[in-house]
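Here are a few exercises to work through with the model open in your viewer. Try each task yourself before you read the solution.

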Amino acid sequence: MKRYILTIILGLVFFSFTNVQGQTKYTISGYVKDKENGETLLGANIYQSDTKTGATTNIYGFYSVTLPAGKYNLSFTYIGYQERIIEVDLKENYSLDVELVASASIISEVTVSDKKLNDNITSNDMSLFRLDNKAISQIPVFMGESDLVKAVQMMPGVSIASEGSSSFIVRGGSADQNLILLDEATVYNPSHLMGFFSVFNSDAIKDVKLYKGDIPAANGGRLSSLLDVRMKDGNKKNFAGSGGIGLISSRLTLEGPVVKDKASFIVSGRRTYADLFFPLFEKRDSLLSQTSLYFYDLNAKINWEISAKDRIFVSSYFGKDVFKFTGQDINWGNNTETFRWNHIYNPRLFSNLTLLYSDYSYSLSSTTGTPKFVWTSNLRDYGLRYDFTAYPNSKNTLRYGITGTLHQFKPGEFVVTMEDTTFIARLKESKALEYAGYISNDQKIGGTLTLNYGLRYSFFSSIGEATLNRYDSAHNFIDTVHYGKNEIYNTYSGFEPRFSLTWVINEKSSVKAAYNRTMQYVQLASNSSGGNPLDIWFPASPNVKPQSGHQWNAGYFRNFDKPGLETSAELFYKRMYDQVDFKDYANLLLNDRMEGELRFGDAQAYGAEFLVRKNSGNLTGWISYTLSRSERKIDGINNNKTYLSNFDRTHNLSVVATYNFTKRLSVSANWVYVSGVPVTLPVGRYYFGNTLIPVYSDRNEARLPAYHRLDLSVTIKNKNRKDRKFNSEWNFSVYNVYNRKNPYSYYFETDRTNPQVIKSYKMSLLPIVPSITYNFNF
């Protein structure tokens, strides 16, 4: 089967390039940018109507169009920008950078129209949702802080993992099955303040894409989704800034040219400061006065156009959370570094070389009393990838490349100090090399059919020095085996084919279908659906096979001009193998034999997604609804019977709307309804001697009450003179307007006065939370 797949893919690629015509052709290529700040525009459309030839800028804003010699009118369009039509006389290959103007601006030197884009109809992207900074900032959020993860959680097929969490569930998969990238570097924990905020500062973000099913061949390593977040490059035209002051947090972003139109920078930072007020409560609450709870993060980026063919980008993120309470300290944080070199070999060949670094660490310590202890854990990645995009002709776009990542797992070190004695316990450290090669092609057939087919082949090698536990078939520990330094002692590999098609019925409707196979070599040890900062990432090994999955998607897409609506309906089915779950009463904390606590089996998820979206006019927003089911069957769990997974959400409805009453006044609202989380509850009890023993239902046979919440916000822009460059606004928001006490968890206690009675208690986190934020830019 693997040989057949490889032969078919390579055959299609070869066939698509053999259609050579005798006409002399030339290529026009370059970048599409924002005229105001010089930022490149990702996914801008270039179209020539006479030849029905088109192209799209890549993730760096580069495009390439090949046409026969002659005169043409090229149309450049991008959502939210004025269309620009440029006349070209193709007599040779040449470069043309094009600047577009935002729709609110006025220009006179080019042709302007309010052309309605139908990119969602014609593009070969399926199960893809895209957001920009403007759309994210309009959604009401907790404490007035714009949050792209909270926006992602309201997309079709996506649901919250738990109240306030920055983790999310995609089509019935676990939170660790989502690959989260910031400028191509992996972010292992996207949460601040236990999940109430995400690590992404919206002021520093340019583009967000969520791939739920049709994941590009260039990416792999997760089964459910890819969240690709791109930072701004920095204003190349003028020095600019933006920021906000809220009740518990503030932020500031500065950007500008280092060399005008050639090099620029951006620096963005934020910090919460509610903890600064805790000492004021010393007389009323001594414990609160000694508490410290805050986070801070910093984004920085610089880019430089060395020449017309070479560009360099260096970006960095650092964030940390601090929680101190009665002598207990918890700290966690992410650090990512990215170096990228864009090079244009010729008008038809674009390349990008990337060096990556990612670090996630946390610590838990007791600094008062005796004994004192410190527990630390760390996961570090060093990565490299080399990607190429070739434009052999107007009908094909070929992408290929290689990628490799060295993982270093340090699951835990526990140091206990008691008077003059120090005790140190370390969980076994490990290293692994994950590497892959890929090739894919976008092919247009006629004017109505577009194919994307590709193949990825990935490897995962475990590297010593390491000590490996061995277990029998009943998961009982046998002995250990030691491997020497840099010794490769285990390797997994596999094909990951990708295929999608788009059939354009007419300019307003299309049908799309997709299939992909993915593999996942690292996973998270967590007993909760939402996760927490102390969860442990661990790799595939001789005891843990890599996860793999197949996903099939099909959908119908339809636009309506008069109300300006985009609509879609998609069906999906996922089949996943070697899924990881934990035996009942599993011990995950500082357990050097944690692999013996694991159980393995298969899972499936299926459902239907519906979306209605309005992108223009005074009223904008979307309504999404998902009906789905997620099941697991794991050996040794639930008597080997199928059960609902922790990530099953039968119904998921989101309504997001913004209405602009005037240029200065807008109101936004979102309402979310999600079926309750499956849980295992006690259904009976019996006495064993004098001890009362609870009897539990089958795994996840019950369900918590549904989660629902309404948020509102009002934005009032201050009146500014035209000759002033400083703009500001006030944002008033209310989280959980009708004060819904959504269940976070349930726990049970025996009545103190009557041991025959067991009482249940519901724990809720967030009541109604009003906030006010002052935002500004200059």
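Before starting, fix the burial classes: buried means under 20% relative accessible area, exposed means over 50%, and partly exposed is in between, with a 1.4 Å probe and protein chains only. This is a predicted model, where local features need pLDDT of at least 70, side-chain atom pairs count only at pLDDT 80 or more, and totals for chains, interfaces and linings use all residues. Residues are numbered from 1 along each chain as its sequence is written, and side-chain values use heavy atoms, with hydrogens and water left out.

**Exercise 1. Describe how the two domains meet.**

Step 1: get the bounds. The assignment, which is automatic or from a database, gives domain 1 as 2-112 and domain 2 as 128-777. Their C-alpha centres lie 33 Å apart.

Step 2: look at the contacts (heavy atoms within 4.5 Å). On the domain 1 side 34 residues take part, and they touch 36 residues of domain 2.

Step 3: add the area. Buried area is the accessible area (1.4 Å probe) that two parts lose on being put together, summed over both. Here that comes to about 3,300 Å², with 57% of it on carbon and sulfur atoms.

Step 4: check the charges. A salt bridge needs a side-chain nitrogen of Lys or Arg within 4 Å of a carboxyl oxygen of Asp or Glu. By that rule, three of them cross the interface of domain 1 and domain 2.

**Exercise 2. Take the salt bridges Lys 33–Asp 97, Asp 183–Arg 340 and Lys 641–Asp 698, and say where the partners sit and whether they are buried or partly exposed.**

Step 1: set the scene. The structure holds 36 salt bridges. Strands, in what follows, are DSSP runs of E with at least two residues, numbered from the N terminus.

Step 2: start with Lys 33 and Asp 97, whose closest N and O atoms are 3.9 Å apart. Lys 33 is in strand 1 (residues 25-34) and Asp 97 in the loop between strand 7 (94-95) and strand 8 (98-100), 64 residues apart. Lys 33 counts as buried because its relative accessibility is 11%, while Asp 97, at 39%, is partly exposed.

Step 3: go on to Asp 183 and Arg 340, at 3.5 Å between the closest N and O atoms. Asp 183 lies in the loop between strand 12 (178-182) and strand 13 (185-186) and Arg 340 in strand 23 (residues 328-346), so this pair ties together parts 157 residues apart in sequence. Asp 183 is buried at 1% relative accessibility, and Arg 340 is buried at 3%.

Step 4: finish with Lys 641 and Asp 698, where the closest N and O atoms are 3.1 Å apart. Lys 641 is in the loop between strand 39 (619-634) and strand 40 (643-644), and Asp 698 is in the loop between strand 45 and strand 46, 57 residues apart. Both count as partly exposed: Lys 641 at 40% and Asp 698 at 28%.

Step 5: follow the shared partners. Salt bridges with partners in common join a set of residues into one network, including Asp 183, Arg 340, Glu 184 and Lys 206.

**Exercise 3. Is Ser 697 buried or exposed, and which residues does Ser 697 touch?**

Step 1: place Ser 697 in the loop between strand 45 (691-696) and strand 46 (702-703).

Step 2: apply the cut-off. Ser 697 is buried because its relative accessible area is 15%.

Step 3: list the neighbours. Leaving out residues up to four places away in sequence, Ser 697 touches Thr 680, Leu 681 and Val 683.

Note on methods. Helices (H or I, at least four residues) and strands (E, at least two) are DSSP runs, numbered from the N terminus.
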